[in-house]
Amino acid sequence: MSCGDRGVALKVLSPTGNNVTVRLITRLIIGSRLLTARLSLGRLLPFGARLLSLVTRRLVRAGRRARVFPLRPAVLMYHRIALEPVDPWGLAVSPMRFDEQVQWLSKHRTILPLAEFARLQREARLPARAVAITFDDGYACNVKTAAPILEAHEAPATFFVTLGPVTTGQEFWWDELQRIVLDSSVERIQLTMGPESLLIELGERSSSSTGWPPWSPASGRRQQAYMRLWHAVRALEPSAQAAALTELRAQAGIPLAPRESHRPMTLEELWALTGSDVVDLGCHTTTHPSLPIQPPSVQRAEIADGREACAKIIGQLPATFAYPFGDYDSSVVDLVRYAGFEAACTTDQRGVTRNCDVLALPRLQVMDWSANELARQLRVL
């Protein structure tokens, strides 16, 4: 990129030791002409300010990759530690990769408990190399596989638990829906939503539905049907979600008992975590609804009542919260604050800056990456 007198070329040493030239439009990032540039571009283009912001963010990321700009603190988000061929949401990290990642983090970053991470953020004393490790939902593999690895590396982490599946022993609805649509032999399925009914043709089950890489587009009729049903079920209130899954399960002939590979932790496993030296327990609501689209009564029940219910099980009030699906708005954040939580996590994919609200902390979703790839992802936040 050539920018004339508005750009400068900086010689930096890349992580591999090779000299690279990074051209930075420094006056779009710092200097007295930043405001002038925003205003003039805004007059020329309807979306000039947005475009300039995008360019600036990309330049900063390029600079951070080249180690021109400092690192940012980060909260890391995990879900499952497992080998999973069907993983459209990228929830699974293999045990080998997770061990590699935690080992690297222990050597190269400062791993803090989430509550301490949030306290230092409030006090503007959070180290740039700080990271907090979090797990959403409450899968059994968190207890069986993740916790021993965390303990081996003395790495603190927070497990956000969804109480409903833990107490009932049923799979999380998105996993059960995957089982119904992708694994059953039925060729069509019908979902009743109040006065409306949704009939979806699944077609014959084929081998193509047994593999689904993370964040890849739905291919084939069954994967497309899963996405359609996922969005429909996600929009329902908790009681309607439960009724919908009961209806779909009956049509597909799927047993109620969960698969060992996908089951939530049991109450006994949850209680065992209360004695862990590295694991802290946080709240992830009772039924995992998208909170902003729910009525206020459901929001309060899921947040405040969910915290009280969690306290009765684990013996103390959880201090931290995670928004299901990462969905939140100002009224939901206020309810989390009024409920007494000290920190809450979103799924906004960015690093933690000085002005981040501790009740809306962004997180990096960690994928099945090597340690080197995790290091790169942390550099570009």
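**A walk through a predicted model**

Ser331 lies in helix H12, and in this predicted model it makes a convenient place to start. With a relative accessible area of 35%, Ser331 is partly exposed, because that class covers the range between under 20%, which is buried, and over 50%, which is exposed. Its C-alpha atom is separated by 9.1 Å from that of Pro296, a residue 35 places away along the chain.

Just ahead of helix H12, which spans residues 330-339, Phe325 sits in the loop that leads from strand E12 (320-322) to that helix. Phe325 also counts as partly exposed, at a relative accessibility of 22%, and its backbone deserves attention, since its phi is positive, about 60°, although the residue is not a glycine. Most residues other than glycine have a negative phi. A second case of this kind is Trp215, again a residue other than glycine, whose phi is near 60°; Trp215 is found in the loop between strand E10 (196-201) and helix H8 (221-234).

The loop between E11 and helix H11 (296-314) holds Gln294. Is Gln294 buried or exposed? With a relative accessible area of 5%, Gln294 is buried, as it falls under the 20% limit. Setting aside residues up to four places away in sequence, Gln294 touches Leu236, Glu237, Pro238, Pro289 and Gln299.

From these individual sites one can step back to the chain as a whole. The protein chain has 13 helices and 14 strands, and buried residues make up 50% of its 381 residues. Among the contacts between residues at least 6 apart in sequence, 64% join residues that are at least 24 apart. The area that the chain exposes is about 17800 Å², of which carbon and sulfur atoms supply 54%.

In soluble globular proteins, nonpolar side chains tend to be buried together. Here the largest nonpolar core has 41 residues, and within it Phe98, Ile133 and Leu150 touch the most other members. Helix H5 (residues 140-152) gives the most to this core, with five residues. A second, separate core of 31 residues includes Trp89, Trp173, Ile189 and Ile254.

Leu150 offers a closer view of its surroundings: apart from residues up to four places away in sequence, Leu150 touches Phe98, Val102, Ile133, Phe135, Ala155, Ala157, Phe159 and Val278. The last of these partners, Val278, lies in the loop between helix H10 (267-273) and strand E11 (279-283). Although it is a loop residue, Val278 is buried, with a relative accessible area of 12%. Which residues does Val278 touch, not counting those up to four places away in sequence? They are Leu150, Glu151, Glu154, Ala155, Pro156 and Ala157. The C-alpha atoms of Val278 and Pro113 are separated by 8.3 Å, while the two residues are 165 residues apart along the chain.

Glu176 turns the view to helix H7. This charged residue is buried, with a relative accessible area of 4%. Leaving aside neighbours within four places in sequence, Glu176 is in contact with Gln170, Glu171, Leu245 and Arg249. Glu176 and Ile254 are 78 residues apart in sequence and 8.7 Å apart in space, C-alpha to C-alpha, and Ile254 is included in the second core.

Helix H7 also leads to the one cavity of 30 Å³ or more that the structure holds. The volume of the largest cavity is about 100 Å³. Which helix gives the largest share of the lining of this cavity? That share, three residues, comes from helix H7 (residues 173-183). The lining as a whole consists of Arg80, Glu84, Val86, Asp87, Pro88, Trp89, Leu91, Trp174, Asp175, Gln178, Tyr226 and His262. By class, these divide into six nonpolar, two polar and four charged residues. Trp89 thereby appears twice in this account, as a lining residue of the largest cavity and as a member of the second core.

Note on methods. Residues are numbered from 1 along each chain as its sequence is written. This is a predicted model: local features need pLDDT of at least 70, side-chain atom pairs count only at pLDDT 80 or more; totals for chains, interfaces and linings use all residues. Side-chain values use heavy atoms; hydrogens and water are left out. On a 1 Å grid over the protein atoms alone, a cavity is a set of points where a 1.4 Å probe fits but cannot get out, and a pocket is an open set with protein on both sides within 12 Å along at least five of seven lines; lining residues have an atom within 4 Å of a point. Grid points are joined across faces, edges and corners, and a volume is the space filled by probe spheres set on the points. Helices (H or I, at least four residues) and strands (E, at least two) are DSSP runs, numbered from the N terminus. Buried means under 20% relative accessible area, exposed over 50%, partly exposed in between (1.4 Å probe, protein chains only). Contact means heavy atoms within 4.5 Å. Accessible areas come from the Shrake-Rupley method with a 1.4 Å probe; for residues, only the protein chains shown count as cover. A nonpolar core is a set of buried Ala, Val, Leu, Ile, Met, Phe, Trp, Tyr and Cys residues joined through side-chain atoms within 4.5 Å.
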